[in-house]
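Welcome! Take a moment to look over the sequence and the 3D view, and then let us walk through the interior together.

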Amino acid sequence: MTPQEGTLLRAGAAHLQVALLPEAVERIGRFLGLLAEWNRSTHLTGERDMPTLIAKHVVDALALVPELPAVGPVVDIGSGAGFPGIVIGCVRPDLDLVLIESRRRPTTFLREVIRSVPLPRARALDARAEDAGRDPSLAGRARLVTSRALRLDVFLELTAPFLAPDGRAVAMQTPRTAARARPAFGLRPTGSRDYTLPGGERRTLVAFGRAEF
């Protein structure tokens, strides 16, 4: 990551009122370096321009930081190229973090990032979320479940098996799709937070909890 890109990252974090320690910036830089290297031969992201990746993807992932629990596990469904899961891990390497990705190539990339950054409390699973949710080591244990890549109805169906009784699900949505939030699969909306990316794009985080809580 160049000095200019580091400045862009810190400015984006400040825009969201997220404090980034120097070590977090270094970890994110190592992640982005690996992403750029892999993107030369593997289509991991549609965007390959580094300033655009930072402004649209890394900064977007940073919006989740205020929602993170004191302790994990945190589950990211459909991690893809590492947004938001790897960014979360770079900022909060103390959290137990599970990245679920059903495609083998992105999972291999995520494991390389976890090893190289390093993020010793993170792991990447090459699995469908439906199957991972039946794993006794994961089912009913997550303090937070999130995803950046799923429709709300799909997100809630996949999330419910992972959540601890007092856990939270936070879906990354646009304001239009966030307006469709309804109780489903034993989860109910508990709040939302709007924010804008540095380029002006509007986003919304929608939180859900167990219906009985």
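## The nonpolar cores

In this predicted model, the largest nonpolar core has 51 residues, and those touching the most other members are Phe31, Leu35, Leu62, Ile86 and Phe109. Helix α2 supplies the largest share of this core, with 8 residues. A second core, separate from it, holds 24 residues, among them Ala132, Ala160, Ala171 and Val206.

Leu35 is a good residue to click on next. Setting aside residues up to four places away in sequence, Leu35 touches Leu44, Thr45, Leu53, Ala81, Phe83 and Phe109.

## A tilted pair of rings

How many aromatic pairs does a search of the whole structure find? There are 3 of them. A pair of aromatic rings is described by the distance of the centres and the angle of the planes. For Phe31 and Phe109, the ring centres are 6.4 Å apart and the planes meet at 45 degrees, so this pair counts as tilted. The pair connects distant parts of the chain, since Phe31 sits in helix α2 and Phe109 in helix α5 (residues 104-116), 78 residues apart.

Are these two rings buried or exposed? Phe31 has 0% relative accessibility and is therefore buried; Phe109, also at 0%, is buried too. Ring pairs also join Phe31, Trp38, Phe83 and Phe109 into a cluster.

## How α2 meets α5

The two helices that carry these rings pack against each other. The angle between α2 and α5 is about 145 degrees, and their axes are 10 Å apart. Their crossing is right-handed.

Which residues make the contact? From α2 come Arg30, Phe31, Leu34, Leu35 and Trp38, while α5 contributes Arg105, Thr108, Phe109, Glu112, Val113 and Ser116.

## An enclosed helix

Now turn to helix α3, which spans residues 50-62. Of its 13 residues, 11 are buried, so the helix is largely enclosed by the rest of the structure. The buried residues are Met50, Thr52, Leu53, Ile54, Ala55, His57, Val58, Val59, Asp60, Ala61 and Leu62. You may recognise Leu62 as one of the core members that touch the most others, and Leu53 as a contact of Leu35.

What covers these buried residues? The cover includes the helices α1 (3-15), α2 (22-39) and α4 (85-91). The strands β5 (163-173), β6 (187-196) and β7 (202-210) are also part of the cover.

## Two buried strand residues

Glu101 lies in strand β2 (residues 97-101). Its relative accessible area is 4%, so Glu101 is buried. A polar atom of the Glu101 side chain lies 2.7 Å from the backbone nitrogen of Gly80. Beyond residues up to four places away in sequence, Glu101 touches Gly78, Ser79, Gly80, Pro106, Thr107, Leu110, Leu125, Asp126 and Ala127.

Ile77 belongs to strand β1 (residues 74-77). With a relative accessible area of 3%, Ile77 is buried. Apart from its neighbours within four places in sequence, Ile77 is in contact with Ile100, Ala129, Val145, Thr146, Ser147, Leu150, Leu158, Thr159 and Phe162. To get a sense of scale, find Tyr195: Ile77 and Tyr195 are 118 residues apart along the chain, and their C-alpha atoms are separated by 22 Å.

Methods: Residues are numbered from 1 along each chain as its sequence is written. This is a predicted model: local features need pLDDT of at least 70, side-chain atom pairs count only at pLDDT 80 or more; totals for chains, interfaces and linings use all residues. Side-chain values use heavy atoms; hydrogens and water are left out. Buried means under 20% relative accessible area, exposed over 50%, partly exposed in between (1.4 Å probe, protein chains only). Helices (H or I, at least four residues) and strands (E, at least two) are DSSP runs, numbered from the N terminus. Contact means heavy atoms within 4.5 Å. A polar contact is a pair of N or O atoms within 3.5 Å; within protein, one must be able to donate a hydrogen and the other to accept it, and residues adjacent in sequence count only if both atoms are side-chain atoms. A nonpolar core is a set of buried Ala, Val, Leu, Ile, Met, Phe, Trp, Tyr and Cys residues joined through side-chain atoms within 4.5 Å. Rings of Phe, Tyr and Trp (its six-membered ring) pair if their centres lie within 6.5 Å; planes under 30 degrees apart count as stacked, over 60 as edge-to-face and the rest as tilted. Axes are lines fitted to C-alpha atoms, for helices over the stretch in contact, and angles run from 0 to 180 degrees between N-to-C directions. A crossing is left-handed if the near helix is turned anticlockwise from the far one by less than a right angle, and right-handed if clockwise.
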